[in-house]
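Subject: A structure for you to look at

Hello,

Here is the structure I promised to pass on. Please open it and have a look around before reading my notes below.

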Amino acid sequence: MPKLFSEEWVKEYMRLLNESEEYEQAAKDWEGDFLFVVEPDEGLTEPMYIYLDLYHGKARDGYMVKDPSQVNAAFEFRGKYSNWKKLLNGEIDPIKGLVTGKFKLRGNMAKVMRYAKAAKALVEVAQKVETELPE
């Protein structure tokens, strides 16, 4: 089982995203790449980062990031590890998480809000990746 935000996890996530008709339909016009950031808390001692290049309903590229200063993504979605666990367990909706401050977005918020269905599909696919969570 891949560890959260490991290289193996990202590849499996991309594979499932690229197979998802729901995501493809919801994001058919989307153009934008993301840096996803897990901030340490609840036993996680170091931040974790992954990069995803999302384009017209597909993940064109994705990888684990060691140095976030080397990535210039159009969007950055970040939150505490405890909130990421709730997101992956379906306890937090990604858009409601932004609105309530559990997650922060850098980039064009209005564009992301127009693609709320795609954001939900992204999370639903992430929930399908068998994931070993850090203790």
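What follows is a short account of one helix pair and of the space inside the protein. Please keep in mind that this is a predicted model.

Let me begin with the helices. Helix α1 covers residues 7-19 and helix α6 covers residues 116-128; their axes lie 9 Å apart, at an angle of about 125°. Angles that are neither roughly parallel, roughly antiparallel nor roughly perpendicular count as oblique, and α1 and α6 are therefore oblique to each other. Their crossing is right-handed.

Which residues make the contact? From α1 come Trp9, Tyr13, Leu16 and Leu17, and they meet Leu122, Val123, Val125, Ala126 and Lys128 of α6. Eight of the residues in this contact are nonpolar and one is charged, with no polar residue among them.

Now for the empty space. The structure holds one cavity of 30 Å³ or more, and the volume of the largest cavity is about 310 Å³. Its lining is made up of 24 residues, and Phe34, Phe36, Ala119, Leu122 and Val123 lie nearest the centre. Two or more lining residues come from each of α1, β1 (31-39), β2 (48-55), α3 (81-88), α4 (94-99) and α6. Helix α6 gives the largest share, five residues. What is the character of this lining: nonpolar, polar or charged? The 24 residues are nonpolar, with no polar and no charged ones.

Leu122 and Val123 are good places to start looking: they take part in the contact with α1 and also lie among the residues nearest the centre of the largest cavity.

Best wishes

Note on methods:
Residues numbered from 1 in each chain as written. Predicted model: local features only at pLDDT ≥ 70, side-chain atom pairs only at ≥ 80, totals over all residues. Heavy atoms only, no water. Axes fitted to C-alpha atoms, helices over the stretch in contact; angles between N-to-C directions. Helix = DSSP H or I, 4+ residues; strand = E, 2+ residues; numbered from the N terminus. Parallel < 35°, antiparallel > 145°, perpendicular 65-115°, else oblique. Left-handed = near helix turned anticlockwise from the far one by under 90°. Contact = heavy atoms within 4.5 Å. Nonpolar A, V, L, I, M, F, W, Y, C, P; charged D, E, K, R; others polar. 1 Å grid on protein atoms, 1.4 Å probe; cavity = no way out; pocket = protein on both sides within 12 Å on 5 of 7 lines; lining within 4 Å. Points joined across faces, edges and corners; volume = space filled by probe spheres on them.
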